[in-house]
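Open the model in your viewer and set it to a cartoon view. Keep a selection box at hand for this short tour.

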Amino acid sequence: MSDTKTSKVHSEVLSANETYVASFGDKKDLALPPARGFAILTCMDARLDPAKYAGLSEGDAHVIRNAGGRASDDAIRSLVISHKLLGTKEWFVIHHTDCGMELFSDEVIGDLLADSLETASFDGEAWSNPKHGGGCVHGRFLKWHTFKNNEASVVDDVRCIREHPLVAAHIPIYGYIYDVRTGRLNEVSDATEAGRPKSR
Ligand code: ZN
């Protein structure tokens, strides 16, 4: 082990891992392809634990996470691998209530980053930088995949995946919004409808 000073969180993670390793047991025998043959695309929000809200154990399913659970090029790359090489047969797109991606726009984050890279603060209405200087203009050239209408964003993501030329037509794609107040998955019926398998 190195003797570099570690943060509290760093130490906690390594300590938790020691505990996990101690009870790892027969998980060494898990196969690489997900045993239950499905994938979830969902938000990185810390309040969401897909293993818990969807009842997953190690080896069960693919979980692809990014800010917003959006169907970005990279999310679609993972989904295509998930099906083409690892055999998943149905996919879920799961956004959630109170998502941070509804709280800013591409213009807002672009402006904040151009001013400063340090963490911004949010007063419930607007974002501002406590410190100024050292910013970078690259943020104005990225697509951040923010959204204003959560249900519409789930429909968009399901459609974006459904209509992608590398996505097999027979894969059903379901659209849901997880409620951070109750833990419940609520279906976005228009999204699931848009994600129905297509007959060729
Ligand atoms: Zn979110």
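The stops below go through a sheet, a helix and a surface patch. Keep in mind that this is a predicted model.

**Stop 1: the sheet.** Select the strands of the open sheet, 5 in number. Their order is 2-1-3-6-7, and the pairing is mixed. Now find the edges: strand 2 (61–66) and strand 7 (185–187). Each has a single partner strand, so one side of each is left without a neighbour in the sheet. Neighbouring strands here are turned by 25° against each other on average, direction ignored.

**Stop 2: strand 1.** Select residues 38–43, which form strand 1. Is this strand mostly covered or uncovered? It is mostly covered: 6 of its 6 residues are buried. Strand 1 pairs with strand 2 in the parallel sense, over 6 bridges. On that side, show threonine 42; arginine 65 in strand 2 stands opposite. Strand 1 also pairs with strand 3, again parallel, over 5 bridges. There, show isoleucine 40 and look across to phenylalanine 92 in strand 3.

**Stop 3: helix 3.** Select residues 73–84. Helix 3 lies across strand 1, strand 2 and strand 3. Against strand 2 it runs at about 175°.

**Stop 4: a surface patch.** Switch to a surface view. Select Leu103, Val108, Phe122 and Trp127. Together they make a nonpolar surface patch of about 290 Å². Where does leucine 103 sit? Its place is in the loop between strand 3 (90–96) and helix 4 (106–115). Leucine 103 has 37% relative accessibility, so it counts as partly exposed.

Definitions and conventions:
Residues are numbered from 1 along each chain as its sequence is written. This is a predicted model: local features need pLDDT of at least 70, side-chain atom pairs count only at pLDDT 80 or more; totals for chains, interfaces and linings use all residues. Side-chain values use heavy atoms; hydrogens and water are left out. Patches are made of residues with over 30% relative accessible area and no salt bridge: like charges are joined within 9 Å, nonpolar side chains (Val, Leu, Ile, Met, Phe, Trp, Tyr) within 5 Å. Accessible areas come from the Shrake-Rupley method with a 1.4 Å probe; for residues, only the protein chains shown count as cover. A salt bridge is a side-chain nitrogen of Lys or Arg within 4 Å of a carboxyl oxygen of Asp or Glu. Helices (H or I, at least four residues) and strands (E, at least two) are DSSP runs, numbered from the N terminus. Buried means under 20% relative accessible area, exposed over 50%, partly exposed in between (1.4 Å probe, protein chains only). Two strands pair if DSSP finds at least two bridges between them. Axes are lines fitted to C-alpha atoms, for helices over the stretch in contact, and angles run from 0 to 180 degrees between N-to-C directions. Contact means heavy atoms within 4.5 Å.
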